Amino acid sequence: AKQAFVRSKPHLNIGTMGHVDHGKTTLTAAITKVLSERGGAEFIPFHRIDRTPEETLRGITINIAHVEYETATRHYAHVDMPGHADYVKNMITGAAQLDGAILVVSAVDGIMPQTREHVLLARRVGVAHVVIALNKADGADPELADLVELELQDLLAEHGYRNVPVVRVSGLRALAGDPEWTASIEALLQAVDEHVPVPVRYLDVPFLMPIENVLTVTGRGTVLTGAIERGTVRLGDTVEAVGLRDGVTAVVTGIETFGKTMDRGEAGDNAAVLLRGVRRDQVRRGQVLAAPGSQRGHRRFTARVYLLTTAEGGRRTAIANGYRPQFYVRTADVPGEVTLTGTELALPGETIEVTVDLGKPIALEPGLGFAIREGGHTVGAGTVLTTFT
Ligand code: GDP
Ligand code: MG
């Protein structure tokens, strides 16, 4: 039988961000190694974290690698996203749902374009707390590292992040078991424990979990995985899958987190929810699993949209009425047609109001954030204003 999950410490969702090759995955592996020596984690080596999308981790198909670990005071789920495009998408759609982020910057290379872009994105999607891991400190000239640190403080202050702790680390040397650099990882974790507060979780509201993946567990039924956005779900609850197609209603017969069973999943948890009597083809990624009647699918909505500048990775040219990009909303990815309000054209860098007609209905509500993408690039970030039937 599987072990039961014991909810003994506050749970937080964090993740690494930063320029490619600055050492995010190495650092993630190093954290699990250092904590495994204190019984706070299972060591997950680099090659098990650095997977391409759609590979499997403990039997669950994912497109971002989650690892879990515990410090003395907290339980963390940590995401390490495999590539830059995944960041942009997962951060804007909220798939990563970070309570805090570890910005990994190589002390040898300093601030690079994706460093800036991730800081900007973190601010835009509401990541309230950042801690800097100044990585590769084993190979860096300390005076150069001082300069990088000053520039980083400026960059973060520009985006409203104040008093950001900076910890000089070496993920690679800590992985190799070097005591000095093992201590640097402990200092980083202490900075995260102290600097990232436990978020307010909305538990007393109807349950909502965007469906990330659907899988079949032989002999048991259909399992849906995702991060619980709000509310709680208990064994025996009736839930409804909403969006993309006619909804199905079913009873929850199992809940797990990181392979451990739970009687109750709550906002902030990464959960796998087993449904009774549902076939795999009746539910899909992009739907939300919700308390019955609490969510509805919508095709048409108005939104405020920021068009990323070319420098931020956005378009080079204006958009006009009839523009048809992809809309990434939570875990959904659907085409839609844009009608501009009060203007014929809108340029990169502008913030505009639009009406969107989606190709398929999805669960929407005012205030919900989404990404606009075309050709694999994120070109806009929006917020839903009003929904129509
Ligand atoms: P990511 O793209 O940010 O996930 O970076 P990786 O973790 O894949 O690391 C990129 C490269 O930097 C690899 O060759 C690592 O071995 C190397 N690296 C990572 N951390 C360190 C470090 O602390 N010191 C040194 N010297 N090299 C590192
Ligand atoms: Mg990586």
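Helix 1 and helix 6 (171-175) each supply at least two residues of the shell around ligand 1. Helices here are DSSP runs of H or I with at least four residues, strands are runs of E with at least two, and both are numbered from the N terminus. This is a predicted model, in which local features need pLDDT of at least 70, side-chain atom pairs count only at pLDDT 80 or more, and totals for chains, interfaces and linings use all residues. Residues are numbered from 1 along each chain as its sequence is written, chains are lettered from A and ligands numbered from 1 in the order in which they are written, and side-chain values use heavy atoms, with hydrogens and water left out.

**The ligand shell**

Helix 1 gives the most to the shell around ligand 1: three residues. In total, 15 residues surround the ligand. A residue is near a molecule if one of its heavy atoms lies within 4 Å of it. The closest are Asp21, Lys24, Thr25, Thr26 and Asp138.

Three side chains make polar contacts with ligand 1. A polar contact is a pair of N or O atoms within 3.5 Å; within protein, one must be able to donate a hydrogen and the other to accept it, and residues adjacent in sequence count only if both atoms are side-chain atoms.

| Side chain | Partner | Distance |
|---|---|---|
| Lys24 | oxygen atom of ligand 1 | 2.7 Å |
| Thr25 | oxygen atom of ligand 1 | 2.9 Å |
| Asn135 | oxygen atom of ligand 1 | 3.1 Å |

Taken alone, ligand 1 exposes 580 Å², and the protein buries 75% of that. Accessible areas come from the Shrake-Rupley method with a 1.4 Å probe; for residues, only the protein chains shown count as cover.

**Helix 1**

Helix 1 has 13 residues, and at 1.5 Å a residue they should span 18 Å. The expected span is 1.5 Å times one less than the number of residues. The end C-alpha atoms of helix 1 are 18 Å apart, which agrees.

Of those 13 residues, 12 are buried, so helix 1 is largely enclosed by the rest of the structure. Buried means under 20% relative accessible area, exposed means over 50%, and partly exposed lies in between (1.4 Å probe, protein chains only). Among the buried residues of helix 1 are Lys24, Thr25 and Thr26. Leu27 and Ile31 are buried there too.

**Two nonpolar cores**

In soluble globular proteins, nonpolar side chains tend to be buried together. A nonpolar core is a set of buried Ala, Val, Leu, Ile, Met, Phe, Trp, Tyr and Cys residues joined through side-chain atoms within 4.5 Å. The largest has 29 residues. Those with the most contacts inside it are Leu27, Ile31, Tyr69, Ile102, Ile185 and Leu188. Several elements each supply at least two residues of this core, including strand 1 (11-17), helix 1 (24-36), strand 4 (65-70) and helix 7 (179-195). A second, separate core has 28 residues, including Met91, Ala101, Ala140 and Leu155.

What does Tyr69 touch, leaving aside its neighbours within four places in sequence? Its contacts (heavy atoms within 4.5 Å) include Ile14, Ile31, Leu35, His75 and Leu189.

**Helix 4**

Helix 4 (residues 113-124) has 12 residues that should span 16 Å; its end C-alpha atoms are 17 Å apart, which agrees. Its buried residues include Glu117, His118, Val119 and Leu120. Gln114 lies in helix 4 as well. Gln114 is buried, with a relative accessible area of 17%. Beyond its neighbours within four places in sequence, Gln114 is in contact with Gly18, His19, Val20 and His84. Gly126 follows helix 4 and has a positive phi, near 85°.

**Later in the chain**

Two residues other than glycine have a positive phi. Leu244 has a phi near 70°. Leu244 sits in the loop between strand 13 (238-243) and strand 14 (245-257), and is buried at 12% relative accessible area. Arg330 has a phi near 50°. The loop between strand 21 (326-329) and strand 22 (332-340) holds Arg330, which is buried at 6%.

Phe370 is in strand 25 (residues 369-374). At 1% relative accessibility, Phe370 is buried. Its C-alpha atom is 9.5 Å from that of Met91, although the two are 279 residues apart along the chain.

Gly313 lies in the loop between strand 19 (297-307) and strand 20 (319-320). Is Gly313 buried or partly exposed? Gly313 is partly exposed, with a relative accessible area of 32%. Gly313 touches His377 and Thr378, not counting residues up to four places away in sequence.
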